[in-house]
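Thanks for sharing this one with me. Here are my notes, written as a few short points to follow with the structure open beside you.

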Amino acid sequence: ERIPYPPLMSYGYHDEVVLLATVTPPEELDTDRLGLNGTADFLVCADICIPASAELSKQLPVAGTDPTSSGSRAEAELIRTYRDRLPVENDDWSVRVARADTGFILAAEPPEAWEGTLAGAYFFPEDGALLKHTETQPAGLADGELRIELATSEYMMGEPDRLKGILVLPEGSALDDAGHRGLAVDAGVQREDIAWASEPVT
């Protein structure tokens, strides 16, 4: 999420976050429990950010069936919940990008039967040096598309051929029936025949 701290902009989490990782054990384990260990380095931020570190460990039961204990079931459900929040590719949504004088115009068109709101959508770029993160992302509708203005950063390294990142819909809106809010964007940047990018939006 965006955490404004003028004149800066931070991205982070509050309350709770689950960082997913895939662990692939050997096909045969001669044990009934498996220990996982790791080190977490992170920042705790308010008015300033303080570096922190924690040593973590977890003992997991080895079984060929679903978890049976209430604690394991709760952890499995937590993983499923956060896994379902991951951004997805969705061919029902049409995305295009144009290079404008001050940045990029990102256009996203939902499927015809989609019911939801695009007001408040926000684009998180994959390349952290691409955009001015402190700038707002003015948006409007034109021809059924959400069009977002993205201001480029002075630190942008060369002209990208593709715009990659995550378009996140506002709270209460979803891309699909599964409830996903994040749309994975990987679109070629148009530099010709881009009259559509200058059309007025409402």
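Is I48 buried or exposed?

1. Let's answer that straight away, keeping in mind that this is a predicted model. I48 has a relative accessible area of 59%. Because exposed means over 50%, I48 counts as exposed. You will find I48 in the loop between β3 and β4.

2. Now look at the two strands on either side of that loop. Strand β3 covers residues 33-45 and strand β4 covers residues 49-61; the two run antiparallel and are joined by 13 bridges. Together β3 and β4 make a hairpin, with three residues between them. To trace one of the pairings yourself, start at L43: its bridge partner in β4 is P51.

3. Next, the cysteines. C45 and C49 form a disulfide, with 2.0 Å between their sulfur atoms. The count for the model is one disulfide. The link of C45 and C49 is right-handed, with 115° about the S-S bond.

4. How covered are these two cysteines? C45 has a relative accessible area of 46%, which makes it partly exposed. C49 is also partly exposed, at 42% relative accessibility.

5. Finally, come back to I48 and see what it belongs to. Along with F42, V44 and I50, I48 makes a nonpolar surface patch of about 390 Å². As useful background when you look at side chains here, those in a regular strand alternate between the two faces of the sheet.

Methods
Residues are numbered from 1 along each chain as its sequence is written. This is a predicted model: local features need pLDDT of at least 70, side-chain atom pairs count only at pLDDT 80 or more; totals for chains, interfaces and linings use all residues. Side-chain values use heavy atoms; hydrogens and water are left out. Two strands pair if DSSP finds at least two bridges between them. Helices (H or I, at least four residues) and strands (E, at least two) are DSSP runs, numbered from the N terminus. A disulfide is a pair of cysteine sulfur atoms within 2.5 Å. Buried means under 20% relative accessible area, exposed over 50%, partly exposed in between (1.4 Å probe, protein chains only). Patches are made of residues with over 30% relative accessible area and no salt bridge: like charges are joined within 9 Å, nonpolar side chains (Val, Leu, Ile, Met, Phe, Trp, Tyr) within 5 Å. Accessible areas come from the Shrake-Rupley method with a 1.4 Å probe; for residues, only the protein chains shown count as cover. A salt bridge is a side-chain nitrogen of Lys or Arg within 4 Å of a carboxyl oxygen of Asp or Glu.
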